[in-house]
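Work through the exercises below with the sequence and the model open side by side. Each task is followed by a solution in steps.

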Amino acid sequence: MWQRLSFRTQLFLPLGASFLAALILGGVLLQIFATSQLADENEPARRSTRTIATALNNTLRASDNPQKMLDAFVQSLTTSSDIQFRSAEGAPVRSPRNDTRNLQGVPQWFVNLLMVPGTDVAAPVLIDGRRIGDIVFLPDLTADLFEKWIGLLALTSLVAVLTVLTGIIAYVFAGSALRPLQQLGEGLTRMRRGDYAKPIPVAGPPEVRQSCAEANALAATLAQFSQDNRDLMHRLVSLQDDERRDLARELHDELGPLLFSIRAGTIALIEASPPVGNLGNSAQQVLQSVEALQQTNRRILDRLRPLYIEELGLATSVQTLLRNFRKQAPHIVLTDTIDPDLNVIDGPLARTIYRVIQEALTNVLRHAKASSAHVQATVSGEALIVEISDDGGGFPADNVFGRGLTGMHERVRALSGSLSLLRVDERTYVRCRLPAEPAREVPVGG
């Protein structure tokens, strides 16, 4: 639970808890010390009350007219005095503990919190051994309670101000520390996605600055590794193209003439002698086999090295590939959107686009069991977009690229492009995106 909270929340919760703890501690200390302080402050007055009562009783005993003397003493007392005379038949004196009529601005809960002790004192007044009344001490605690209340407000305000100031300072410093950490996290996310170009700002505390600098160094290393990997893949693709070209030349120069010679000899044999029994049928079968071998040889040559891309251009070559597909699979309705500007593209980029379309259509024919397909190859700004879709059965959820698409994926990565296989709205999509500017050439052979 605690680990899921944000850094600022983890920082401010202890501050808030400290504020509450300070208030509670202040209340406890106030209850302990203020109560004893009130009792100590009124103790001299209570002793004075007893002393006055003793002196009054002695005077009354010595006086010829004690009642007159008592009346004179009572008249000398003012209503504002803490010491009053209460006759034996008088009304009970209200305890100051419960008298809150004069406590303006002091809430009752605060008075109850202090638990004001009983400070009233009653000393009996006697005339001829008979109790006439009492000298009572009725302290006015209004000023004391108001003073304690103001002190509590001042303490609470001070703690609140200090807490707010501490919170503001912590918020500012937390922001200055979190911002570089957020930038570091965003930079690591870019690195995970393969973007090493934008460096991470080096800021914050020394520990964070060091982490940012190390992350930038790691990004530079990964960028170099990525470029080396693309160069290696580009070199491998170039080597594959060279091998395909050599193999295609061998098939064309060596196997092609042999097949043509066998076909010509078989035709001459059929034409030179009338068909006799099984011999005529065998000659026809040989001729059909040779023609099938020639067609197979041409398809292999086309897959190994579409030589007419350089002569006809990429767009025209793709249209030729689509016509051959329609002839080979008439049951599949094939539509296309081919940008004529593709004819200006040549080299590895043109061969890669041609191979992607060729491999995708081969998969549609062999595995998709589709009734319709669409091929799109367009130039969009600084990117080349190739998309082949079909309405076939799709692919399993854990599908990975097969051997053919894996080879295409390597070719596309070598040119700093991307190749993806998607299933959307009951259609399967092979999407390829390539930069219009081809990757820099890497010399083959050292």
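## Overview

The protein chain holds 10 helices and 8 strands; helices (H or I, at least four residues) and strands (E, at least two) are DSSP runs, numbered from the N terminus. The model is predicted: local features need pLDDT of at least 70, side-chain atom pairs count only at pLDDT 80 or more, and totals for chains, interfaces and linings use all residues. Residues are numbered from 1 along each chain as its sequence is written, and side-chain values use heavy atoms, with hydrogens and water left out.

## Exercise 1. The sheet of 3 strands

Task: find the strand order in the open sheet of 3 strands, and name the strands at its edges.

Step 1. The order is 1-3-2, and the pairing is antiparallel. Two strands pair if DSSP finds at least two bridges between them.

Step 2. Strand 1 (83-87) and strand 2 (121-127) each have a single partner strand, so each edge strand has one side without a neighbour in the sheet.

Step 3. On average, neighbouring strands here are turned by 30° against each other, direction ignored. Axes are lines fitted to C-alpha atoms, for helices over the stretch in contact, and angles run from 0 to 180 degrees between N-to-C directions.

Step 4. Helix 2 (residues 66-76) packs on this sheet and touches strand 1, strand 2 and strand 3. The direction of helix 2 makes about 150° with that of strand 2. Contact means heavy atoms within 4.5 Å.

## Exercise 2. Strand 3 and its partners

Task: which residues stand opposite Gly 133 of strand 3?

Step 1. Strand 2 is joined to strand 3 (residues 130-137) by 7 bridges, and the two run antiparallel. Val 125 stands opposite Gly 133, and Ile 127 stands opposite Arg 130.

Step 2. Strand 1 pairs with strand 3 over 5 bridges, also in the antiparallel sense. Here Gly 133 is the bridge partner of Ser 87. Gly 133 thus faces Val 125 and Ser 87.

Step 3. Strand 2 and strand 3 form a hairpin with 2 residues between them. Asp 128, in the turn, has a positive phi of about 55°.

Step 4. Strand 3 is largely enclosed by the rest of the structure, because 6 of its 8 residues are buried. Buried means under 20% relative accessible area, exposed over 50%, and partly exposed in between (1.4 Å probe, protein chains only). For the protein chain of 446 residues, 33% count as buried.

## Exercise 3. A helix span

Task: compare the span of helix 4 with the expected value.

Step 1. Helix 4 (residues 142-192) has 51 residues. The expected span of a helix is 1.5 Å times one less than its number of residues.

Step 2. From its first C-alpha to its last, helix 4 reaches 71 Å, close to the 75 Å expected.

Step 3. Just after helix 4, Gly 194 takes a positive phi of about 95°.

## Exercise 4. The sheet of 5 strands

Task: describe the order of the open sheet of 5 strands and the helices that lie across its strands.

Step 1. The order is 4-5-6-8-7, with mixed pairing. Strand 4 (333-338) and strand 7 (418-424) are the edge strands, each pairing on one side only. Neighbouring strands are turned by 10° against each other on average, direction ignored.

Step 2. Strand 4 pairs with strand 5 (residues 372-380) in the parallel sense, over 6 bridges. Thr 335 has His 374 in strand 5 as its bridge partner.

Step 3. Helix 8 (residues 314-328) lies across strand 4 and strand 5, at about 175° to strand 4. Helix 9 (residues 347-368) lies across strand 4, strand 5, strand 6 (383-390), strand 7 and strand 8 (427-435), at about 10° to strand 6.

## Exercise 5. Strand 8 and the loop before it

Task: are Asp 425 and Glu 426 buried or exposed, and where does Arg 433 lie?

Step 1. Asp 425 is in the loop between strand 7 and strand 8, and Glu 426 lies in that loop too. Neither is a glycine, yet phi is positive, at about 50° for Asp 425 and about 65° for Glu 426.

Step 2. Asp 425 is exposed, with a relative accessible area of 70%. Glu 426 counts as exposed at 63% relative accessibility.

Step 3. Arg 433 lies in strand 8 and counts as partly exposed, at 48% relative accessibility. Arg 433 and Ser 418 are 15 residues apart in sequence and 5.3 Å apart in space, C-alpha to C-alpha.
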